Amino acid sequence: MADMELRIVSLIPSATEILAQLGLTHQIVGRSHECDYPAEIRTRPVCTEPKFNPVGTSAEIHDRVTDLLQSALSVYRVKTEVLEQLKPTHILTQAQCEVCAVNLADVEQAVATLTQTQPQIISLQPNTLKDIWDDIRRVAIALGIESQSSLTQLQARVEACATKTQALSDRPTVACIEWAEPLMAAGNWIPELVELAGGQSLFGVVGQHSPWLQWDALVAADPEVIILMPCGYDLERTHQDAIALAKHPEWPTLRAVQAGNVYITDGNQYFNRPGPRLVDSLEILAEILHPHLFNFGYEGTGWQRLPAQVKVN
């Protein structure tokens, strides 16, 4: 299929970034309300919207989303009227997490109502790094382009980190936190990235969904390093969650807190998006865990060290 024929709608940020990695940014005619990278994508028409108010504390947002799901309602709405106008040839969506983005069933339902076009739906469901490489290949094949050069470049960066860390004897225990209220550890690809970056991942299991985490389990594990990467949050918003966590009576007792080894990250741009920038996420983890070995320049934009004494008022 020639590039000029492609009219792609991407309904999840990671898919948009896969398309950009493959050189197809200009063929994207519509996006989700969360797609914001690369920057030029922000001019494209928005094809989805949340059904809940995304403003508030982590606990408030959790409650709103939970209420929707318990009522058997979708968390997001597909704007079928916009899709009708855009006449896409392909729609990229996901079946990985119904909380994170519009789900496959909603997209299929929306496409069934279109009268002027019947786009091909490409649904992604990654849980590990290998799944992400496979998704890049699958998207490329569906769109009629090659992907090996992109994959070779990305995998070389992963291998560069892994080669430096594989012989390390100092591998700190790491708790990656994906949500603050209620507490949730990071799963799926995050434990894999932590291991590649030279750490020992606690709580999350490679390839499995992120687990809820009890405070007594966090205290009992007493990790050497805590890394906050709340889903959908940038550095500033993650810092607010850190303040909320610091109010917990057992927070000051944690070894990572006492040693000043608590870090906040831009989870929205990096760790939460299963696309090409998970390689950036690996490099961020490597910088945090082994600064004597790695300096990629992400500090200040991708991550920050949390001051030992966080102001909680």
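Is asparagine 188 buried or exposed at 5% relative accessibility? Select asparagine 188 to find out: at that value the residue counts as buried, where buried means under 20% relative accessible area, exposed over 50%, and partly exposed in between, with a 1.4 Å probe and protein chains only. Its place is in the loop between strand 8 and helix 7 (190-196). Phi is near 55° here, a positive value in a residue other than glycine.

Before moving on, a word on the model. It is predicted, with local features needing pLDDT of at least 70 and side-chain atom pairs counting only at pLDDT 80 or more, while totals for chains, interfaces and linings use all residues. Residues are numbered from 1 along each chain as its sequence is written, and side-chain values use heavy atoms, leaving out hydrogens and water.

**The whole chain**

Zoom out and colour by secondary structure: the chain has eleven helices and twelve strands. These are DSSP runs numbered from the N terminus, with helices being H or I of at least four residues and strands E of at least two. Of the 313 residues, 53% count as buried. Among contacts (heavy atoms within 4.5 Å) with a separation of 6 or more, 66% are between residues 24 or more positions apart.

**Helix 1**

Now select residues 13-21. Seven of the nine residues of this helix are buried, so helix 1 is largely enclosed by the rest of the structure. Show Pro13, Ser14, Ala15, Thr16, Glu17, Ile18 and Leu19 as sticks, since these are the buried ones. Their cover includes strand 1 (8-10), strand 2 (28-31), strand 5 (90-94), strand 6 and helix 5. After the helix comes glycine 23, with a positive phi near 80°.

**Two cis peptide bonds**

Step along to tyrosine 37 and proline 38, which are joined by a cis peptide bond with omega about 0°. Proline 38 sits in the loop between strand 2 and strand 3 (48-50). Then jump to glutamate 181 and proline 182 for another cis peptide bond, with omega about -5°. This proline 182 belongs to the loop between strand 7 (173-179) and strand 8 (184-185).

**Helices 5 and 6**

Next, display helix 5 (129-143) together with helix 6 (residues 148-165). Their axes come within 10 Å and cross at roughly 165°; axes are lines fitted to C-alpha atoms, for helices over the stretch in contact, and angles run from 0 to 180 degrees between N-to-C directions. The pair is therefore roughly antiparallel, a label for angles over 145 degrees. Look for Trp133, Ile136 and Arg137 in helix 5, which meet Gln148, Leu151, Leu154, Gln155 and Val158 in helix 6.

**Glutamine 125 and aspartate 222**

Select glutamine 125, in the loop between strand 6 (120-124) and helix 5. At 47% relative accessibility, glutamine 125 counts as partly exposed. Add proline 274: the two are 149 residues apart in sequence and 9.2 Å apart in space, C-alpha to C-alpha. Aspartate 222 is another stop, in the loop between helix 8 (215-221) and strand 10 (225-228). Its phi is near 45°, a positive value in a residue other than glycine, and at 23% relative accessibility aspartate 222 counts as partly exposed.

**Last stop: helix 11**

Finish at residues 278-289. Twelve of the twelve residues of helix 11 are buried, so this helix is largely enclosed by the rest of the structure. Including Asp280, Glu283 and Glu287, the buried residues run from Leu278 to Leu289.

Methods: Parallel < 35°, antiparallel > 145°, perpendicular 65-115°, else oblique.
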